[in-house]
Amino acid sequence: MSQIEFGSVESRAAMRLVELALAEDLGTIDLDSDRTCAALIAPSDSATIDVVVRRDGVLAGSPLGPLVFERLDLSVCWEALVQDGTHLEPQTVIARVSGPLQSLLIGERTVLNFLQHLSGVATLTRQFVDTIRGTNAVILDTRKTLPGWRVLEKYAVRCGGGTNHRMGLFDGVLIKDNHLAAWLRDHSQLSIADAVRTASERSPTGTPIEVEVDTLEQLQDVLAGSPEIVLLDNMPVPLLRDAVSLRNRLAPTVRLEASGGVSLETVREIAETGVDRISIGALTHSAPALDIAFDWPK
């Protein structure tokens with residue numbers, strides 16, 4: 001799969017959300033349900049409108065536009081003019097839509113909700129990626145996503161140049177502090193490295209093992225268990241540098257991931273410590289919407 005391919009997985013996730021979004025707006029997915037259009041717009045009226053971005057950003061979610069209108073009215077034509085992942089200047093026309101005026105008005109808000117949110121995720125991701133450019137670190141998302149939106153939000157992260165962390169609990173082991181606390185209740189004589197070995201032994205072959213630590217003592221312990229990745233949780237920059245030095249000396253093939261409280265103001269300094277990965281929940285849970293609008297003909 002290419003980095004920003006909108007494939008079958010994304011299409012299935014999109015169709016579920018399109019169905020839900022239109023049902024929320026219309027009650028039933030029936031053009032006659034829009035009382036405003038039924039009262040004011042003749043069924044024979046048609047129009048062509050431009051979909052325009054109002055400020056700098058990165059486009060994501062453009063395949064959702066035609067999916068919305070395919071569900072509403074197959075006679076609507078959506079002409080995409082810009083590909084997802086493209087950096088946009090203000091007033092860029094990203095698509096042109098033609099068809100019955102009622103259908104265009106009914107689908108407008110749903111289309112914009114998808115485009116604005118996903119492009120906001122892509123835009124924030126690109127800002128982080130650009131800020132650390134020239135270092136060896138990559139920007140990752142997390143599982144802090146809106147319920148039902150994870151596949152599309154992680155697609156938007158890729159559009160912004162970021163890298164996806166695991167999709168869910170099913171495709172990787174990430175031993176966090178609460179997992180360790182629970183496991184150590186019954187294995188108090190063992191170490192974090194033992195927890196890593198146990199997880200590796202009990203997981204399908206090839207399952208990546210990652211474990212969270214927040215002290216250098218824990219890091220030294222866990223490196224003996226040879227996990228693929230160690231997550232350094234909320235460590236200040238000086239401690240991150242010490243962690244990288246310790247990793248380089250004891251287990252240079254283990255990747256280090258910094259996480260917790262990362263901002264655009266701090267991410268460059270974090271990347272320059274030598275960590276391999278920086279995971280940021282804000283990419284998906286706090287990205288501001290990108291201003292995109294339907295520009296109607298005068």
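Colleague: Why are H3 and H4 called roughly antiparallel to each other?

Modeller: This is a predicted model, mind you. The axes of H3 (residues 64–72) and H4 cross at roughly 150°. Angles over 145 degrees count as roughly antiparallel, so that is the label H3 and H4 get. Their axes come within 9 Å, and the crossing is right-handed.

Colleague: Which residues of H3 and H4 meet?

Modeller: From H3, Leu64, Gly65, Val68, Phe69 and Leu72. Their partners in H4 include Ile106, Gly107, Phe114 and Leu118. By class, this contact has nine nonpolar residues, four polar and no charged.

Colleague: What makes H1 and H4 oblique, then?

Modeller: The axes of H1 (residues 8–26) and H4 cross at roughly 135°. Roughly antiparallel needs an angle over 145 degrees, and roughly perpendicular needs 65 to 115. An angle of roughly 135° fits neither range, so H1 and H4 count as oblique. This crossing is right-handed too.

Colleague: How do you know that charged residues take part in the contact of H1 with H4?

Modeller: Asp25 in H1 and Arg109 in H4 are among the residues that meet there. Asp and Arg both count as charged, and the tally for this contact is seven nonpolar, one polar and two charged.

Colleague: Which helix gives the most to the largest nonpolar core?

Modeller: H4 (residues 101–131), with 13 residues. That core has 88 residues, and Ile278 is one of the five that touch the most other members, along with Val51, Leu219, Val230 and Leu232. Leaving aside neighbours within four places in sequence, Ile278 is in contact with residues including Val138, Leu140, Val262 and Ile270.

Conventions:
Residues are numbered from 1 along each chain as its sequence is written. This is a predicted model: local features need pLDDT of at least 70, side-chain atom pairs count only at pLDDT 80 or more; totals for chains, interfaces and linings use all residues. Side-chain values use heavy atoms; hydrogens and water are left out. A nonpolar core is a set of buried Ala, Val, Leu, Ile, Met, Phe, Trp, Tyr and Cys residues joined through side-chain atoms within 4.5 Å. Buried means under 20% relative accessible area, exposed over 50%, partly exposed in between (1.4 Å probe, protein chains only). Helices (H or I, at least four residues) and strands (E, at least two) are DSSP runs, numbered from the N terminus. Contact means heavy atoms within 4.5 Å. Axes are lines fitted to C-alpha atoms, for helices over the stretch in contact, and angles run from 0 to 180 degrees between N-to-C directions. Angles under 35 degrees count as roughly parallel, over 145 as roughly antiparallel, 65 to 115 as roughly perpendicular and the rest as oblique. A crossing is left-handed if the near helix is turned anticlockwise from the far one by less than a right angle, and right-handed if clockwise.
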